[in-house]
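User: I would like to go through this model with you, asking at each step what justifies the term that is used.

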Amino acid sequence: MNATGWKEIPIGGMILDAGNSVEYLTGGWRAFRPVFGEAQCINCMQCWLFCPDSSILVEDGKMVGFDLEHCKGCGICASVCPVNKKVIKQVGEVARDDERLCIRMVEEGKFQE
Amino acid sequence: MSKFEALAGNEAVATAMRQINPDVVAAYPITPQTSTVQKFADFVADGLVDTEFVTVESEHSAMSACVGASAAGARVMTATSANGLALMWEIVYIAASNRCPIVMSLVNRALSAPINIHCDHSDVMGIRDSGWIIIFSEDGQEAYDNLIQAVRIAEHPDVLLPVAVCQDGFITSHGMERVEIYDDEDVKAFVGTYEPKWPLLDIEHPKTYGPLDFYDYYYEHKRQQVEAMENAQQVVLDVAAEFKEKFGREYGLFEKYRLDDAEVAVVVLNSTAGTAKVVVDQLRDEGLKVGLLKPRLFRPFPAQELAQALSHLKAVAVMDRSISFGAMGNAGPLYLELAAALATHGVHIPIADYVYGLGGRDILPHEIEQVYRDALQIAATGRVEQMVTYLSVRE
Amino acid sequence: MATKLTPRELAKKEDRLAPGHRLCAGCGASIIVRQMLAAIDEPVVIANATGCLEVATTIYPYTAWRVPWIHNAFENAASTISGVEAAYRSLVRQGKIPEQDVKFIAFGGDGGTYDIGLQALSGAAERGHQFLYVCYDNGAYMNTGIQRSSATPYGANTTTSPAGKVIPGKRQFRKDLTAIMAAHGIPYVAQAAPSQWKDLMEKTRKAVNSGGPAFMNVLSSCNRGWRHPTDETVEITQLAVDTCFWPLYEVENGVWKLNYKPKEKLPVEEWLKRQGRFRHLFKPENRHMIDELQAEVDRRWERLLHLCGEA
């Protein structure tokens, strides 16, 4: 419960702080997380196009990673990645040892199907 | 310079709308409101207003468009009756809750079923808990004056609530009367321009209107509405004072007619008050100490002031043009509220209810006279034999 | 100059829908909103019907919208945006606010559009307001827990058309809302899917620049209601297109145009078998329903080809 009283909040339920949902973190919903092998990324931005959670981080026209504070782990980015599924991989959020190895390999660009 | 015109109540209302020149009107035709919309359409067609007139496909969309336009930052008006208001009902609440200062001319008509196009107050009583300010008008002049004042009341920064201005369907909406129409420029100056504080169309400062509001904040937003309602009563009086100064007519929370030295009084809304005044005069000629109280502001309900104004009486007869089915004694809403107000404020006088005029059934002077004679009897005995009487219904 | 419709260029713009909203993982609705709003460079004002998108993006005191946004009720997004647009025209005409090329958009789900909001939509379209109404069609009342709507496909298992022992799912074919809107004779009507993002974006631009009311019906996967893994949203959406269950076409000033013809029209069961809501249809005793749905898909496809001059 927020302690703000009725005199302090805007009337009529208006929200004046546009886009303040960024303060609400949905990253904790994830059962799976995407990992990113930057080296092989062709910056086609398919992941950005299809991310339902505006959680693909882009700088200077380049995909630079995930907003893991908000990414819900749906895996769409991995599924639409056209680079033989090597650039983005879905792994369990609570990674097992073999998955940790997988994460490292993806991130180092060494992962092979 | 003002001028006197022979106008039906609806025409007087449409004239007020022309003078107010709202940015948007969204309305749908329904008897007996229709002639307001028609007349206003003429003003639009002739270029006499700047209004964007949205001829919606239903009353639900009328009120929906009004909410959208009001949130956008426009001054907005509409008009309806009975079933139209009932169809709006969902959005009537949203208009108040979103704090949209919409002004509505409500031409009172009986709700279906059976379908009936004539006057009673069942329509407005259905929205009495919706968060709208509700004002009643005895005749075309009052409907005109109240509509002009409603704009100022609704848009007052301490209020920001929608206002419904009522008049009786057909009886005054279509009854031709002498109405003083003020100078266009004077009305324009009185209503001023609307300065919305949080317009949706302020693109640079995006706002979210109408979010999902759960148990952690919804209650606080309702509390804000209570505050606005509480503020409204004083604003109604302030606007009335300014109105009197500018246009000469006096308005308050209610009108007292030969009440101060009366022993019994009738309390009645809208046009029947006019008939009751005639009856009061006749009975006064007989030496009977009778008076009348005609509520103007129904929401917020000025309970303390009403109790005070009636406290010297020996009996009160309320006349209700609708029934609150299943409520205590199957009485009318006005009676229920007034009885509660008197009791709450320590005014212990006998009070009886007379339901009348449902579905446009005529209410004649001799029937009102009977109500007064009943009230005098109650005053004499100090006892209410029958809490609710359904006046003139055939057994 | 309008932003080039390339993902790299579009990704440079700030998202108009912020993260932190509470739509389900893998939701199609926010993909559609993001793609469509990215395609529009001009200022937008949005009205949103009650539904998943509305509920999940504005849980007080948070809002995911970085643009002016209003929710009124379920059935009245079209009349609400009518009011906003009328206010804009009035205030601009009177010189009370500056004129900008504002695009007015309403979003509603299929429940809020095909069903409860159809009257308001029809009225607003007939009145000629300058707005784009977008139906994100996920084929059921997903927000209240997957109840059937008039957009629900034939045979689908929903909570009010359950696959029971006697009645195997929904017994009616879906309403062809896109054609109904085309019959209004408004400047622009289209059907689109986010899996073909460029087509969706180009249509969005045409719609908001059409100079009158525009309607777009956009297929929106709901993995909760359709019953498929969250990461298959895009693939399954495209299967609806490639089976011609959801053809991509537009009706511009009365002229019907097919925008995409699958190289090979896939059997509708290729789409059905990927979704749990149709699982019961694959029992031998229900097989005839797949055939009936296929026949209806074929019938509508042939009719569309004819209307588009492709037959």
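User: What makes the meeting of the side chains of B:Asp23 and C:Lys96 a salt bridge?

Analyst: This is a predicted model, so the statement concerns predicted coordinates. The side chains of B:Asp23 and C:Lys96 approach to 2.7 Å, N to O. A salt bridge requires a side-chain nitrogen of Lys or Arg within 4 Å of a carboxyl oxygen of Asp or Glu, and therefore the term applies. The count between chain C and chain B is four salt bridges, and 20 residue pairs there are in polar contact, both residues at pLDDT 80 or more.

User: Which elements give two or more residues to the side of chain C that touches chain B?

Analyst: They are helix H3 (52–57), strand S2 (69–71), helix H4 (77–93) and helix H6 (118–127) of chain C, and H4(C) provides the largest share, eleven residues. By class, this side of chain C has 21 nonpolar, 14 polar and seven charged residues.

User: What is the area buried between chain C and chain B, and why is such an area given?

Analyst: The size of an interface is often given as the accessible area lost when the parts come together, which is why an area is given. Between chain C and chain B it is about 3,100 Å², of which carbon and sulfur atoms give 61%. C:Tyr60, C:Asn72 and C:Arg127 supply 19% of the area that chain C buries against chain B, more than any other three residues. The contact takes 42 residues from chain C and 41 residues from chain B.

User: Why are strand S9 of chain B and S2(C) said to pair?

Analyst: Strand S9 (residues 208–209) of chain B and S2(C) run in the parallel sense and share two bridges. Pairing needs at least two bridges found by DSSP, so the requirement is met. In this pairing B:Thr208 stands opposite C:Trp69 in S2(C).

User: How many salt bridges and polar contacts are counted between chain C and chain A?

Analyst: The count of salt bridges between chain C and chain A is zero, whereas the count of residue pairs in polar contact, both at pLDDT 80 or more, is 23. The elements that give two or more residues to the side of chain C that touches chain A are helix H1 (7–10), helix H2 (28–39), helix H8 (197–208) and helix H10 (233–242) of chain C, with H2(C) giving the largest share, five residues. The buried area between chain C and chain A is about 3,100 Å², of which carbon and sulfur atoms give 62%. C:Pro19, C:Arg34 and C:Tyr60 supply 20% of the area that chain C buries against chain A, more than any other three residues.

User: Which strands are called the edge strands of the seven-stranded open sheet of chain B, and why?

Analyst: The sheet has the order S3-S2-S4-S5-S7-S6-S13 (chain B), with mixed pairing. Strand S3 (52–55) and strand S13 (297–299) of chain B each pair on one side only, and they are the edge strands. Neighbouring strands of this sheet are turned by 20 degrees against each other on average, direction ignored.

User: How do you know that strands S5 and S7 of chain B pair, and in which sense?

Analyst: Strand S5 (residues 103–108) and strand S7 (residues 163–168) of chain B are joined over six bridges in the parallel sense. Since at least two bridges are required, the two strands count as paired. Within this pair B:Met104 stands opposite B:Ala164 in S7(B).

Notes: Residues are numbered from 1 along each chain as its sequence is written. Chains are lettered from A and ligands numbered from 1 in the order in which they are written. This is a predicted model: local features need pLDDT of at least 70, side-chain atom pairs count only at pLDDT 80 or more; totals for chains, interfaces and linings use all residues. Side-chain values use heavy atoms; hydrogens and water are left out. Helices (H or I, at least four residues) and strands (E, at least two) are DSSP runs, numbered from the N terminus. Axes are lines fitted to C-alpha atoms, for helices over the stretch in contact, and angles run from 0 to 180 degrees between N-to-C directions. Contact means heavy atoms within 4.5 Å. Buried area is the accessible area (1.4 Å probe) that two parts lose on being put together, summed over both. A polar contact is a pair of N or O atoms within 3.5 Å; within protein, one must be able to donate a hydrogen and the other to accept it, and residues adjacent in sequence count only if both atoms are side-chain atoms. Ala, Val, Leu, Ile, Met, Phe, Trp, Tyr, Cys and Pro count as nonpolar, Asp, Glu, Lys and Arg as charged, and the others, Gly among them, as polar.
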